[in-house]
Amino acid sequence: MLAICRFVKNRFVAFALGCIVIIAVLQGFFIKLVEWVPSFSPLFFPTLTIFLLVFHLFIACFMAMKYWCDKRRLYLVPIALAFAGSALLMVGTLASFPAWLDLYQFNEANYNDAMIFYMFRHFLMAVLMIVAALLYTLRNSALSRSAHVGIVVGASLFTGCMLGLALFYSSHSTLLTLDLVDNETRQFMVLWSQAINIILIVLWVVTLITLLAITRVRNLFWVGGNFLCVCYIVTLLMLLLGGHAEDISWYRARLFETVATLMIIFILLSDVFNLYRDSHVKYQQSYQNSIRDPLTRLYNRSYFYDSLNHALNTATVTHPVSVVVSDLDRFKRINDCYGHLQGDVCLAEIADCIKKAYASYGYCYRIGGDEFCVLLRDGDKEHACARDFVRRLSERRKELDFLPTVSFGSAALSSENVVTVKDRADHNMYRY
């Protein structure tokens, strides 16, 4: 049983099982969809293509922005170019249906052009994904500026060449010709069904093995990339079994690719949310560090005066501001006799007693070396809190006999400024 659990928890096994489950669910959904809708609208395929085009452009822009923020992630450049080039080639696919928005004009579709753009899109994405995986191994290496620029330029030139070749081989140019589909019969030509389709399957298998071997499915992003490879392999196998360009397998292939692309988008969005959460946590930690004393973790002097200013603005005669000021008696002698480390222990112990006695009814501050303040919300609790503090300090002094006594002073005011309140509390100081 333990061996089976370890086997299932293996990243590669879990990834394979996840792919099987998702593909099975998509296949079942598509079969049900075909039962509900025996014949699809001619608008369905171009509509899915437009959605996929937008998704690929989104991923390309996202990858480009991530690279712009961190130039060390050079592997993001070929990924961005792969999805950007794929989006541009899908524009060519839509151009193969020149009147797809015009009702009853779908016979004008150039299926051979659509297949040419589809073929070059797969070549472009597979090669650039392999390049991205290879560059991922260099993510912690310091590349020279010339090597960095060379890789970016090389990947860009390759993308431009694929786009150019797709355009030249299509009917938009007479320079080159490539027959993959008979536009009259809609049947696949031998070149596609017995050569190019198989080559594309092998190329995607190599891409998948490369990504699995290098990335080892370390994070969700590469899980999405590997699943996209699996989807392309499965859809190409389905197309290999189909015989013509209007086969229902095309709709299934587009559905699978759209879902795989959506998974990558959700993964990228989750990455954004995680970054936002982490940055928010770090901001909160930084803010807390800016308003708290590092030794005692009580609020610091500047935050005390800000809080007191705010409290005085809302104070009234019936609800005055109550401030308690305390000093450690003969604290310098502790530093001289026991050392500054023991002095820090003394300050931390006193702060802990103050916090436990007063925190339920107010805010505690360390405003000087051995000077503490409490801003009470309820002045009636002042004496009860003071007695609680004395009790706690007495208990601690039984264990740590070097802890000093503490002097207190308090003031309850409603209209004076912060300096007046603080001075009045100091003047009223008395010894416990």
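## A salt bridge within helix 12

The side chains of Lys356 and Asp352 meet in a salt bridge, with 3.2 Å from N to O. Both residues lie in helix 12 (residues 340-358), and because they are 4 residues apart, about one helical turn separates them. Lys356 is partly exposed, with a relative accessible area of 47%, and Asp352 is also partly exposed, at 28%. Elsewhere, Asp388, Arg391, Arg392 and Glu395 are joined into one network by salt bridges that share partners.

The model described here is predicted. In general, side chains of opposite charge can pair when their charged atoms come close.

## Other salt bridges

The count of salt bridges comes to 15. One of them is formed by the side chains of Arg366 and Asp293, at 3.1 Å from N to O. This pair links distant parts of the chain, with the partners 73 residues apart. Arg366 belongs to strand 2 (residues 362-366), while Asp293 sits in the loop between helix 9 and helix 10 (301-314). Arg366 is buried, with a relative accessible area of 15%. Asp293 is buried too, with a value of 11%; both residues count as buried because the cut-off is under 20% relative accessible area.

Another salt bridge joins the side chains of Arg277 and Asp278, with an N to O distance of 3.9 Å. This distance qualifies because the rule asks for a side-chain nitrogen of Lys or Arg within 4 Å of a carboxyl oxygen of Asp or Glu. Asp278 is partly exposed, with a relative accessible area of 35%.

## Helix packing

Helix 12 also takes part in a helix pair. The axes of helix 11 (residues 331-338) and helix 12 come within 7 Å and cross at roughly 140°. The two helices are therefore oblique to each other, because an angle has to be over 145 degrees to count as roughly antiparallel. On the side of helix 11, Phe331, Ile334, Asn335 and Tyr338 make the contact; they meet His340, Gln342, Gly343, Cys346 and Leu347 in helix 12.

A second pair consists of helix 4 (residues 76-95) and helix 5 (residues 111-136), whose axes are 8 Å apart and pack at an angle of about 175°. Helix 4 and helix 5 are therefore roughly antiparallel to each other. Residues of helix 4 in this contact include Pro78, Leu81, Phe83, Leu89 and Met90, and those of helix 5 include Phe117, Phe120, Arg121, Leu124 and Leu128.

## A nonpolar patch on the surface

Phe58, Phe266, Leu269, Val272 and Phe273 form a nonpolar patch on the surface, and together they have about 470 Å² of accessible area. Helix 9 (residues 249-291) gives the most to this patch, with 4 residues. Phe58 is placed in helix 3 (residues 44-69). With a relative accessible area of 35%, Phe58 is partly exposed, and this value allows Phe58 into a patch because patch residues need over 30%.

## The chain as a whole

The secondary structure of the protein chain comes to 14 helices and 5 strands. Of its 432 residues, 46% count as buried. The accessible surface of the chain comes to about 22600 Å², and 63% of this belongs to carbon and sulfur atoms.

Contacts along the chain can also be sorted by sequence separation. Among those between residues at least 6 apart in sequence, 72% join residues at least 24 apart. The salt bridge between Arg366 and Asp293 likewise links distant parts of the chain.

How values were computed: Residues numbered from 1 in each chain as written. Predicted model: local features only at pLDDT ≥ 70, side-chain atom pairs only at ≥ 80, totals over all residues. Heavy atoms only, no water. Patch = residues over 30% accessible without salt bridge, like charges linked within 9 Å, V, L, I, M, F, W, Y side chains within 5 Å. Areas by Shrake-Rupley, 256 points an atom, 1.4 Å probe, with all protein chains shown as cover. Buried < 20%, exposed > 50% of the residue type's maximum accessible area, 1.4 Å probe, protein only. Axes fitted to C-alpha atoms, helices over the stretch in contact; angles between N-to-C directions. Parallel < 35°, antiparallel > 145°, perpendicular 65-115°, else oblique. Contact = heavy atoms within 4.5 Å.
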